[in-house]
Every structure is written in C-alpha cells, then in structure tokens.
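Student: Could we go through this structure together? I should like to begin with the salt bridges and then turn to the pockets.

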Amino acid sequence: RLILVDDEPIVLKGIQSVFNLTEFGFMLIKTYTNPLTALQELSETRPDLIITDVKMPQIDGLEFSAQAKRIMPNAQIVILSGHDNFSYAQAALRLGASDYLLKPIKKKDFEKMLYTAKQRLMDQSSHLAQKQQLEEAAKLNYSILRNRFFEKLLQTGTLDDSEMRVLYAQLGFCFEHSPFVLLKFVLWEMDVPADYMSLLERIIIELSQLLGQIALVEEFYTDEYLYLFVYDFKNVIFAEDELLSKVNSYVDEKASEGIRLLYGIS
C-alpha cells in the first residue's frame with residue numbers, strides 16, 4: 001500500500017506515468033498535494049510505503065515524516081528532495097526515513113528504491129510473524145511453568161525449595177504473605193456436553209472474571225482437578241460469605257444449563 005505526497009501535481013502525475021508501481025508489488029492508494037491531509041487520513045489509508053517531497057508550503061517534509069512515523073511506525077518513508085545537502089539526508093534518516101532521493105529523480109534510482117522498499121517490507125513482515133510466534137510460545141511456556149509451580153506448591157505446601165524460589169521469581173508472583181483461598185473443581189465429576197475442552201475454557205474465563213472483581217486469580221490443572229488460586233483480596237477485611245455466595249450462584253447457574261460442577265473451597 002503506497003501513498004505519494006508532493007505539493008506539485010506534475011511530480012505526482014510524473015511518478016504514476018513513468019513507473020509501473022504494481023510491477024514492484026505496490027498498490028497506489030492515494031496521492032496528496034497537502035501533507036496535512038495525508039496525515040489526517042493515515043489511519044484510513046494505512047500505507048506500507050510513503051513517498052514524500054521535503055519542501056512543501058503546509059508542513060516541511062521532515063516534520064511530516066516524523067509525525068507519520070508516530071502514526072504508522074512500521075511504514076517505510078522515502079523523502080524526495082532538491083537539496084543536495086548531507087545534513088538533510090542525515091536529518092531524514094534520524095526522523096525514521098528509510099531512503100532519500102534527489103530531484104530530478106533518476107529512473108534507475110527510483111526503481112532501485114522501490115525494489116529495496118519492497119524487500120524491507122517483506123523482511124519486516126517475516127520478522128513480525130516470527131515475533132508473534134515467539135510471543136505465543138512464551139505464553140505457552142508461561143502456562144506450563146505456572147502449572148508446574150502450582151502443582152509442586154500443592155504437593156509440598158512450601159516455597160522453601162531452590163526450584164520453587166526461581167519459578168516464583170520468574171513468574172512474577174508476590175503472594176507469599178497474602179491470605180488466599182483455593183477452589184478445587186473435580187473434572188471427572190463434571191457432567192458436560194461433548195465439547196468438553198471448549199466448555200472448560202469458558203468456565204475458567206467466567207470464573208476468573210467473576211472472582212477477579214474481588215481478588216487476583218491464577219488457574220492450574222492436574223489430570224483430575226481444576227484449581228483456582230484466589231489471593232490479594234481488594235477488601236482489607238475479606239468477606240468469606242461474599243466469595244461463597246459468588247461461587248454458589250455460579251454453580252447454580254451452570255446447573256440450570258445442565259452442567260453439574262462438583263467443587264470444594266479451602
């Protein structure tokens with residue numbers, strides 16, 4: 001997705017007539033003679049590449065580039081300038097521009113810029129996809145480590161163990177001296193429809209939202225049980241009846257839907 005910004009219409013027309021932008025993988029979304037209008041519409045046009053003049057009456061191209069980068073941080077920006085001045089090019093790069101071309105534009109240089117911009121965007125897309133995969137893996141690893149931590153805490157009842165201390169710190173917990181309540185649901189006693197996993201996920205979300213109104217909640221599992229560790233209560237004086245009432249009401253509500261939940265509270 002590409003936009004062109006230049007206060008001279010002849011330049012905008014010239015770029016479109018001389019260069020077949022689609023051959024380089026770009027779709028021209030819009031052209032602008034007013035950079036302020038281009039800024040206002042950036043969230044709508046969502047360009048991957050912005051080609052802009054540097055000398056415009058409404059706003060300087062360098063300032064335009066800086067503002068455009070704040071709105072579209074992943075966009076590539078190429079500045080066209082009649083200034084054969086190294087300080088201009090330096091300023092452009094500092095403000096986030098990825099390239100700087102001198103006017104009059106040479107066809108060979110412009111085509112090279114388009115090719116380079118496309119490669120950068122493809123690499124950037126690949127990097128973002130990889131980053132997303134790593135973030136998903138980190139979330140999964142966090143869930144596994146958290147489950148391991150709570151399972152061991154359930155078995156030993158203590159943090160006096162080097163591995164437990166390391167996990168406690170890595171997971172960012174700070175409940176060692178907090179009062180807590182442990183809810184235990186018997187999974188094999190759950191009378192549920194066929195899509196067991198989807199229902200279990202929904203129950204966890206609903207209970208976490210319900211109890212999250214009065215405290216922090218961490219869930220963990222064993223083969224037979226679902227546990228909810230509830231701690232750091234928002235009220236200084238914890239009302240046990242309030243918690244019991246919320247859980248009982250939720251279980252009754254599920255029963256009315258034909259879902260039987262067997263649970264205990266400690």
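**Salt bridges and the largest pocket**

Tutor: At 36% relative accessibility, Glu176 counts as partly exposed. Please bear in mind that this is a predicted model.

Student: Which residue forms a salt bridge with Glu176?

Tutor: Arg165 does, with the closest N and O atoms 2.8 Å apart. Glu176 lies in the loop between H7 and S6 and Arg165 in helix H7, so the pair links distant parts of the chain, 11 residues apart. Arg165 is partly exposed, at a relative accessible area of 34%.

Student: Which residues are joined into one network by salt bridges that share partners?

Tutor: Arg148, Lys152, Asp161 and Glu163 are joined in this way. Within that group, the side chains of Glu163 and Arg148 meet at 2.3 Å, N to O.

Student: And Lys103, what does it pair with?

Tutor: Lys103 forms a salt bridge with Asp6, the closest N and O atoms being 3.0 Å apart. Because Lys103 sits in the loop between S5 and H6 and Asp6 in the loop between S1 and H1, the pair ties together parts that are 97 residues apart in sequence.

Student: Is Asp6 buried or exposed?

Tutor: Asp6 is buried, with a relative accessible area of 1%, whereas Lys103 is partly exposed at 24%.

Student: Changing topic: how many residues line the largest pocket?

Tutor: There are 13, and Leu153, Gly157, Phe175, Phe180 and Phe229 lie nearest its centre. The volume of the largest pocket is about 240 Å³.

Student: What gives the most to that lining?

Tutor: H6 does, with three residues. By class, the lining has nine nonpolar, three polar and one charged residues.

Note on methods:
Residues are numbered from 1 along each chain as its sequence is written. This is a predicted model: local features need pLDDT of at least 70, side-chain atom pairs count only at pLDDT 80 or more; totals for chains, interfaces and linings use all residues. Side-chain values use heavy atoms; hydrogens and water are left out. On a 1 Å grid over the protein atoms alone, a cavity is a set of points where a 1.4 Å probe fits but cannot get out, and a pocket is an open set with protein on both sides within 12 Å along at least five of seven lines; lining residues have an atom within 4 Å of a point. Grid points are joined across faces, edges and corners, and a volume is the space filled by probe spheres set on the points. Helices (H or I, at least four residues) and strands (E, at least two) are DSSP runs, numbered from the N terminus. Ala, Val, Leu, Ile, Met, Phe, Trp, Tyr, Cys and Pro count as nonpolar, Asp, Glu, Lys and Arg as charged, and the others, Gly among them, as polar. A salt bridge is a side-chain nitrogen of Lys or Arg within 4 Å of a carboxyl oxygen of Asp or Glu. Buried means under 20% relative accessible area, exposed over 50%, partly exposed in between (1.4 Å probe, protein chains only).
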